[in-house]
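Work through the exercises below with the coordinates open, and try each task before reading its solution.

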Amino acid sequence: NKGKPITTICVSLPESTDGRYSQELADFLHSRHYHIIKSEQEYLDSIPETIYTVESYDETSVRASTPQLELGKSAKKIIGPGVVIVGDYSDEICGGYVENHLAPTTWDFLQLGYQRIRDIIYFDGQRADRCLSDQGLEARFPFADHRFIRLYLSIDPELRRPRYGIEKYLLRKAFAGKNIIPDSILWRPKEAFSDGISGLKRSWYIIIKEFVDQHITDEDYHQSQINHEYTFNPPQSKEGLYYRRLFEQ
C-alpha cells in the first residue's frame, strides 16, 4: 500500500522445489525477488565454514545450515546489514513435521511437540540465528514470539493435531481465504529445508553422501569406531565422522 515492495530471497541448487515455489509466491506478492542458484561444488565448499559458524557437528543441522549460510551471504549483498523475517519455530510449535501424523495418541503428539520446542535452540534455532547474524543480519522469528506460543499451546491439542492428512492444519487454516498466500503454497506438504533447496531427482542429502564417500571409506569409519576416536557423542555415520573431524579442526 505504501508503494514499497518487500524483498524476497531464495538461494538454491538448480531445479529446486523451493526455487519454483518462491517464484510463485514472489509473483503473487509482487515482491522484489532474487533467486540465486549455486552449484553443488559451491555448497560442498561451504561445509567447513558452516560448521565453524554454527559450532555444531550435528548432521541434520549442518545439512540445513549450509544453504542458510549461503542465503545469509546473498542477503547481505542484496540488502546489506538489516532485519530479515524467518519462519522457523512454526513446525515445532504447530506440529508441522510429518512424524506428527504417526503419533498414536494426542498425548504422544504433545510430547513430540514439547520435546522439539525444548530442543530447537540447539538445532534449528541455533542454525537460523548464527548463519544470519554471522552476516550482520538480525533475524526476527514471529512464530517464536512468547505471546503466540502461549496462545497456540492454550488451544485444545485435539484441534492442533494433523487433520485431513495435513500437518500444521490449524495454522494454515488461519490464513485460508484471505488472499495472503496462494493455496498451492499454503497447503503444500512439509518439506525439509535441505531437501527444498535441491531437486527431487538429486537431493542435497545424496550430494553430501556421495561427497563424503570420496573422503571417508567404510574401513576408515570402522577403524574410527574400533579405536574409539571419539568417546563423547561418537559419530553414527561416515557423514557424521566427516563433520566431526572438521569440527575438531
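Two exercises on salt bridges and burial follow.

The model is predicted, so local features need pLDDT of at least 70 and side-chain atom pairs count only at pLDDT 80 or more, while totals for chains, interfaces and linings use all residues. Residues are numbered from 1 along each chain as its sequence is written, and side-chain values use heavy atoms, with hydrogens and water left out.

**Exercise 1.** Determine which parts the salt bridge of Glu 70 and Lys 38 ties together.

Solution. Begin with the criterion: a salt bridge is a side-chain nitrogen of Lys or Arg within 4 Å of a carboxyl oxygen of Asp or Glu. The side chains of Glu 70 and Lys 38 satisfy it at 3.2 Å, N to O. Next, place the partners: Glu 70 lies in helix α4 and Lys 38 in the loop between β2 (32–37) and α2 (40–45), so the pair ties together parts 32 residues apart in sequence. Helices (H or I, at least four residues) and strands (E, at least two) are DSSP runs, numbered from the N terminus. Finally, widen the view, since a network of salt bridges links Lys 38, Glu 49, Glu 70 and Lys 73.

**Exercise 2.** Classify Lys 238 and Asp 218 as buried or exposed.

Solution. The cut-offs are under 20% relative accessible area for buried and over 50% for exposed, with partly exposed in between (1.4 Å probe, protein chains only). Lys 238, with a relative accessible area of 18%, is therefore buried, whereas Asp 218, at 58%, is exposed. The two nevertheless form a salt bridge, their closest N and O atoms being 2.8 Å apart.
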